[in-house]
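Hi everyone, thanks for coming. Could we have the sequence and the structure up on the screen, please?

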Amino acid sequence: MLIAGFPAGAWGTNCYVVAPAAGEECVIIDPGHQAAPGVEEALAKHRLKPVAVVLTHGHIDHVASVVPVCGAHGVPAWIHPADRYMMSDPEKGIGRSVGMPLMGELTVGEPDDVREMTDGTRLELAGLELTVAHAPGHTKGSVTFGLPEAADVPPVFFSGDLLFAGSIGRTDLPGGDMAEMLDSLARVCLPLDDSTVVLSGHGPQTTIGRERATNPYLRQVADGQGAPGAPRRGM
């Protein structure tokens with residue numbers, strides 16, 4: 001398994017390029033603000049051919065480079081239908097303007113080929129099988145992607161802005177809901193094996209076991225309590 005990840009743009013959003021191995025087809029996860037150069041660098045370094053872009057949610061910091069990346073390689077973008085509107089109208093997703101300097105650098109809109117995915121969808125792309133779990137709370141259309149354990153790697157969980165190392169995504173933007181966030185944490189994260197590697201939308205890599213033991217939100221969800229007052233992250 002090959003996973004090349006890097007933080008991109010003004011919000012430091014993690015973009016991931018995932019393939020079975022170097023020299024093969026790949027999937028690009030969350031090409032956000034100013035992510036296109038990093039994507040091209042990863043593709044060239046590992047001799048990869050993209051077949052799709054997949055999106056954990058529709059916030060501009062995760063989708064800003066979808067149009068140029070999909071256009072450059074003639075590939076579709078997959079998104080949950082509840083967040084699709086943000087691709088063309090990103091300001092609605094954050095409840096305010098993202099600022100003229102940033103907006104001037106963005107190509108807002110949908111790529112030529114947009115496909116929708118829902119809870120339980122299995123995306124068989126580039127020799128990979130990504131399992132989609134609908135995980136609202138940060139946005140109505142937030143999803144996560146799971147990759148099963150392989151010969152050389154433990155299970156991998158692309159959590160988007162649901163779960164971070166030590167924290168969770170914010171719920172105070174349009175479409176955010178703390179009750180839904182807590183339900184998603186319990187339903188999507190708690191059943192995962194402790195060995196599962198968590199690759200989130202922002203911040204460092206972690207594991208489910210580490211978060212189960214130390215993340216105040218996941219600990220209190222596991223105990224059946226409400227949300228703690230620890231700070232949340234993300235756009």
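I'll walk you through a sheet and the helices packed on it. One thing to keep in mind as we go: this is a predicted model.

Let's start with the sheet. In what order do its strands run? There are 6 strands in an open sheet, ordered E1-E2-E3-E4-E5-E6, with mixed pairing. At the edges sit E1 and strand E6, residues 114-116, each of which pairs on one side only. On average, neighbouring strands are turned by 25 degrees against each other, if you ignore direction.

Now zoom in on the E1 end. E1 and E2 are antiparallel partners, joined over 7 bridges, and within that pair Ala4 stands opposite Val17 in E2. The hairpin they form has 4 residues between the strands, and Gly9 there takes a positive phi near 75 degrees. Moving on to the next pair, E2 and E3 are also antiparallel, over 3 bridges, and Tyr16 stands opposite Ile29 in E3.

Which side chains of E1 are buried, and which are not? In a regular strand, side chains alternate between the two faces of the sheet. E1 shows that alternation: Leu2, Ala4, Phe6 and Ala8 point to one face and are buried. Ile3, Gly5 and Pro7 point to the other face and are not buried.

Next, helix H1, which spans residues 36-46. The buried residues here are Gly38, Val39, Ala42, Leu43 and His46. Why do they lie on the same side of H1? Because they cover an arc of only 135 degrees around the axis. The general background is helix geometry: with 3.6 residues a turn, residues three or four places apart in an α-helix point the same way. Turned away from the buried side is a face with the exposed residues Pro37, Glu41, Ala44 and Lys45.

So what covers the buried residues of H1? The cover includes strand E1 (2-8), strand E2 (13-19), strand E3 (25-29) and strand E4 (49-54), along with helix H3 (66-73). Just after H1 comes Arg47, with a positive phi near 55 degrees.

Last stop is H3 itself. H3 lies across E3, E4 and strand E5, residues 77-79, and runs at about 150 degrees to E4.

If you take one picture away, let it be this: an open sheet of 6 strands, with E1, E2, E3, E4 and H3 among the elements covering the buried residues of H1. Thanks, and I'm happy to rotate the view for anyone who'd like another look.

Definitions and conventions:
Residues are numbered from 1 along each chain as its sequence is written. This is a predicted model: local features need pLDDT of at least 70, side-chain atom pairs count only at pLDDT 80 or more; totals for chains, interfaces and linings use all residues. Side-chain values use heavy atoms; hydrogens and water are left out. Buried means under 20% relative accessible area, exposed over 50%, partly exposed in between (1.4 Å probe, protein chains only). Helices (H or I, at least four residues) and strands (E, at least two) are DSSP runs, numbered from the N terminus. The arc is that of the directions from the helix axis to the C-beta atoms. Contact means heavy atoms within 4.5 Å. Two strands pair if DSSP finds at least two bridges between them. Axes are lines fitted to C-alpha atoms, for helices over the stretch in contact, and angles run from 0 to 180 degrees between N-to-C directions.
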